[in-house]
Amino acid sequence: MVTSRWTAAPARTASPRRRGAVLERAILNAALEQLSTVGWKGLTMEGVAAGAQTGKAAVYRRWPSKEDLVADALVSGLPQVEKAPDLGSVREDLLALCRQVRETMYSRSGVALRSVIHECDHLQVARFEAVIFGSVVEPTVKLLREVITRGIERGEVRQDAANGYVFDAIPAMMMYRSKMCASEWSDRDLAEMVEQLMVPLLRPYGT
């Protein structure tokens, strides 16, 4: 019997077998996609496996729990703030650094992280607060220390400004207003925070 092109079964194209880092990246991307569409409560290991086109066992073999998988997915997708700006003035350096932090906070992983924190119960949220601290707050504080120390050396910043309270001001303000006031931190908002909060806070006494 001759089979026509209309009745012939479509040929299946075998997908290449993925291993190691390639498979892990696919799983992490699928987890981020799930977070952006169904949120923390709707995300399942089965759904992530389907999105990554792999078996559920491949997911559980690498991440024994949903919390472990989501934490790694968020960290892997967050843009890294790695270099302190050096634009010649503490004001411009702080403004550029704030823009870098905003990019992290409003990246796909940053938005997912904040939505996860809102949906989690009080025990789970501690895990993801550690992700925020380690991936956003600590790197930001490190770069703020560089910017402020450089400002002290230039004479723009008073000597005693290099302390933990000052270093916490920008990340604390950005996190607080983002969460409590739904602020999206426009360029104008960032400029006002730097000019009205940080510059007066850092200015040498008597100037």
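The bend at a residue is taken as the angle between axes fitted to the seven residues ending there and the seven starting there, and helices are DSSP runs of H or I with at least four residues, numbered from the N terminus. In this predicted model, local features need pLDDT of at least 70 and side-chain atom pairs count only at pLDDT 80 or more, whereas totals for chains, interfaces and linings use all residues. Residues are numbered from 1 along each chain as its sequence is written, and side-chain values use heavy atoms, with hydrogens and water left out.

Helix α7 covers residues 122–154 and bends by about 35 degrees at Phe133. The expected span of a helix is 1.5 Å times one less than its number of residues, so the 33 residues of α7 should span 48 Å, in agreement with the 45 Å between its end C-alpha atoms. Gly155, just after α7, takes a positive phi of about 85 degrees.

Helix α5, residues 90–105, packs against α7 at an angle of about 170 degrees, with the axes 10 Å apart; α5 is therefore roughly antiparallel to α7, a term for angles over 145 degrees. Axes here are lines fitted to C-alpha atoms over the stretch in contact, and angles run from 0 to 180 degrees between N-to-C directions. With contact defined as heavy atoms within 4.5 Å, the residues of α5 that meet α7 include Leu94, Leu97 and Val101, and those of α7 include Val136, Leu143 and Arg150.

Ala130 lies in helix α7 and is partly exposed, with a relative accessible area of 47%, where buried means under 20%, exposed over 50% and partly exposed in between (1.4 Å probe, protein chains only).

Notes:
Helices (H or I, at least four residues) and strands (E, at least two) are DSSP runs, numbered from the N terminus. Angles under 35 degrees count as roughly parallel, over 145 as roughly antiparallel, 65 to 115 as roughly perpendicular and the rest as oblique.
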